[in-house]
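Subject: Structure handover

Hello,

Here is the structure I promised to pass on. Please open it alongside this email.

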There are 2 protein chains.
Amino acid sequence: MKFLKIPAATITRLSLYTRALEGQVKDQVTVVSSKKLAELCGVNPAQIRKDLAYFGQFGVRGVGYYVKELLFDIKKILGLHREWHLAIVGVGNLGCALVAHENFTKQGYRFVAAFDADPMKIGRKLVTGLLIYPPNQMHAICREKKVEMGVICTPAEFAQEIANRLVDAGVKALLNFAPTQIQAPEGIKVENVDFSVKLDNLAYFLTAG
Amino acid sequence: MKFLKIPAATITRLSLYTRALEGQVKDQVTVVSSKKLAELCGVNPAQIRKDLAYFGQFGVRGVGYYVKELLFDIKKILGLHREWHLAIVGVGNLGCALVAHENFTKQGYRFVAAFDADPMKIGRKLVTGLLIYPPNQMHAICREKKVEMGVICTPAEFAQEIANRLVDAGVKALLNFAPTQIQAPEGIKVENVDFSVKLDNLAYFLTAG
DNA sequence: GCCGGCATGTGCCTCTAATCACAAAAGATT
DNA sequence: AATCTTTTGTGATTAGAGGCACATGCCGGC
Ligand SMILES: NC(=O)c1ccc[n+]([C@@H]2O[C@H](COP(=O)([O-])OP(=O)(O)OC[C@H]3O[C@@H](n4cnc5c(N)ncnc54)[C@H](O)[C@@H]3O)[C@@H](O)[C@H]2O)c1
Ligand SMILES: NC(=O)c1ccc[n+]([C@@H]2O[C@H](COP(=O)([O-])OP(=O)(O)OC[C@H]3O[C@@H](n4cnc5c(N)ncnc54)[C@H](O)[C@@H]3O)[C@@H](O)[C@H]2O)c1
């Protein structure tokens, strides 16, 4: 276990490993080799061992990895051993689908606040019972509910403004679904989920690949 | 213009460039430099020039790039000058949001078929007027409607089976929203959209970063 | 028609990430 | 207890992507 900067790709793969491991737990498998896990995740076995090596030693030579143990350890590395408080901004088609999605809750991601600018929506409750607040209460509510991550589901033209507000309210991590590049100050992490870029990749593949 | 293998990251960035360029068109800007475009997209100017160099020469030295021309050229490279036929499988929370999303249509992605296993949904029409078919008609309908891309929005445990069926029906490109790794034969392109991996990245950042 | 300024296109270098290959070590076997 | 088998952990190697810097070439001004 050296003290090195960890590649972003490693973190993304760790997330993939947890999924495969959860599948193995469900299938009553107790031990897994890097080779087997690599097959399940579609990566190189050495890659897995190296990814894990950034954080310590988790395996037993000649045996492999104990599934439950490894799962626990990776979850702890990623910070999935605890619950996270999320706020959603923009409760339209996509926003509602996200809040309704029970997998997130299972993984420890809990929506504790919702915001929308539409006067017809403010004051209403989502299917989960979550109350919709107007954007101008973002600061107060986010602090009160200890929101740690913000999910942006508004049209693209408002995304930057919403991001600014969320940051202002002390939110340190943003998941942006709007098709636009968000500027955020140092120390704030922004992840983009961009469906149309993925579609464009497919279009290119079908055209040229 | 050399004959080289083009990095996947280049294609993804080209997609980003089109967005920025569309914004510039809207703002009546006629010429843009790699420096300016780089700022808009949050990348390095040389990166942009290099990305474009894979496909030819599009700029004018001492001037920059003509916005409309470049936009047209990049769209052509990506295959966005034409319409694409998509099928969606799994018309639940997420699936409905996707079909309802008008941006996709604007960009030339048209949903021409929808499938779901739920007997309550089969035979009904979506808000767009799209009829929902049972999965066993996938082969026939996909061929009839000339479906080129499949969008998978079913629970994870059915994703692989759906992928197989779509491939069997002649679909060459898949966009998978289910949190699972899909195996597809050579020549089939699979792109995954994975929200929870992104959330895990944020969790790691807040925990360790 | 020539000259200066400016942004592109591109060779070269750097840095990072992925893969290989082997020594180390744990458990099984005799 | 010694040896064999297996799979980890990791140094070395390879591949690849990103950034720098400059020559090239175009436009506008004089
Ligand atoms: N629906 C999809 O499948 C899809 C796919 C890709 C990207 N996106 C992106 O996700 C975002 C949301 O998509 P959608 O389909 O849910 O749109 P939508 O129109 O259904 O919902 C947008 C919601 O944001 C709210 N809103 C608008 N301005 C706001 C503001 N300033 N503050 C707070 N709330 C505000 C609206 O009232 C509405 O409820 C868009 O940027 C869209 O481009 C959506
Ligand atoms: N909703 C979200 O925000 C969200 C977020 C991340 C990932 N996902 C993933 O997207 C997928 C869909 O999510 P959702 O929220 O829309 O779920 P959902 O339960 O609302 O919808 C799933 C739909 O798939 C249909 N279906 C089930 N089995 C099928 C089969 N064999 N063939 C065809 N259709 C079938 C169901 O009838 C249902 O309509 C899931 O894999 C989920 O994990 C969703």
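Below is what I found, taken site by site.

One caution before the details: this is a predicted model.

**DNA strand C**

Start with DNA strand C. It has 26 residues around it. The closest are Lys50(A), Arg61(A), Ser34(B), Arg49(B) and Tyr65(B). Of the strand C atoms that come within 4 Å of the protein, 71% belong to sugar and phosphate.

Three contacts are worth a look. The side chain of Asn44(A) places an N or O atom 3.3 Å from a phosphate oxygen of strand C. For Gln47(A), a side-chain N or O atom is 3.4 Å from a sugar or linking oxygen. Gly59(B) uses its backbone: an N or O atom there lies 3.0 Å from a phosphate oxygen.

Two or more residues of this surface come from each of helix 1 (8-26) and helix 3 of chain A, and helix 3 of chain B. Helix 3 of chain A gives the most, with 4 residues. By class, the surface has 10 nonpolar, 8 polar and 8 charged residues.

**DNA strand D**

Now DNA strand D. There are 27 residues around it, and Ser34(A), Arg49(A), Tyr65(A), Lys50(B) and Arg61(B) come nearest. Sugar and phosphate make up 69% of the strand D atoms within 4 Å of the protein.

Which atoms of strand D do Arg49(A) and Arg61(B) approach? Both side chains approach bases. A polar side-chain atom of Arg49(A) is 2.8 Å from a base nitrogen. A polar side-chain atom of Arg61(B) is 2.4 Å from a base oxygen. Phe58(A) approaches the phosphate instead, with a backbone N or O atom 3.2 Å from a phosphate oxygen.

Helix 3 (45-53) of chain A, and helix 1 and helix 3 (45-53) of chain B, each supply at least two residues here. The largest share, 4 residues, comes from helix 3 of chain B. The classes are 10 nonpolar, 9 polar and 8 charged.

**Arg13(B)**

Is Arg13(B) buried or exposed? It sits in helix 1 (residues 8-26) of chain B. Its relative accessibility is 17%. The cut-off for buried is under 20%, so Arg13(B) counts as buried. Its side chain makes a polar contact of 2.7 Å with the side chain of Asp51(B). Leaving aside residues up to four places away in sequence, Arg13(B) touches Val43(B), Gln47(B) and Asp51(B).

**The sheet in chain A**

Chain A has an open sheet of 6 strands, in the order 5-4-3-6-7-8, with parallel pairing. Strand 5 (132-133) and strand 8 (189-192) stand at the edges with a single partner each, so one side of each has no neighbour in the sheet.

Strand 3 (residues 84-89) and strand 4 (residues 109-115) run parallel and are joined by 6 bridges. Val89(A) has Phe115(A) in strand 4 as its bridge partner.

Two helices to note. Helix 5 (residues 93-100) lies across strand 3, strand 4 and strand 6 (149-152), at about 160° to strand 3. Helix 8 (residues 156-168) packs on the sheet and touches strand 3, strand 6 and strand 7 (173-176). Its direction makes about 165° with that of strand 6.

**Ligand 2**

Last, ligand 2. It is surrounded by 26 residues, the closest being Asn93(B), Leu94(B), Asp116(B), Lys121(B) and Thr154(B). The surrounding residues come from chains A and B, so the site is shared between chains.

Oxygen atoms of the ligand meet several polar groups:

- Asn93(B): a polar backbone atom at 3.0 Å.
- Lys121(B): a side-chain N or O atom at 2.7 Å.
- Thr154(B): a backbone N or O atom at 2.6 Å.

Best wishes

Technical notes: Residues numbered from 1 in each chain as written. Chains lettered and ligands numbered in written order. Predicted model: local features only at pLDDT ≥ 70, side-chain atom pairs only at ≥ 80, totals over all residues. Heavy atoms only, no water. Buried < 20%, exposed > 50% of the residue type's maximum accessible area, 1.4 Å probe, protein only. Polar contact = N/O pair within 3.5 Å; in protein donor to acceptor, adjacent residues only side chain to side chain. Contact = heavy atoms within 4.5 Å. Near = heavy atom within 4 Å. Nonpolar A, V, L, I, M, F, W, Y, C, P; charged D, E, K, R; others polar. Pairing = 2+ DSSP bridges. Axes fitted to C-alpha atoms, helices over the stretch in contact; angles between N-to-C directions.
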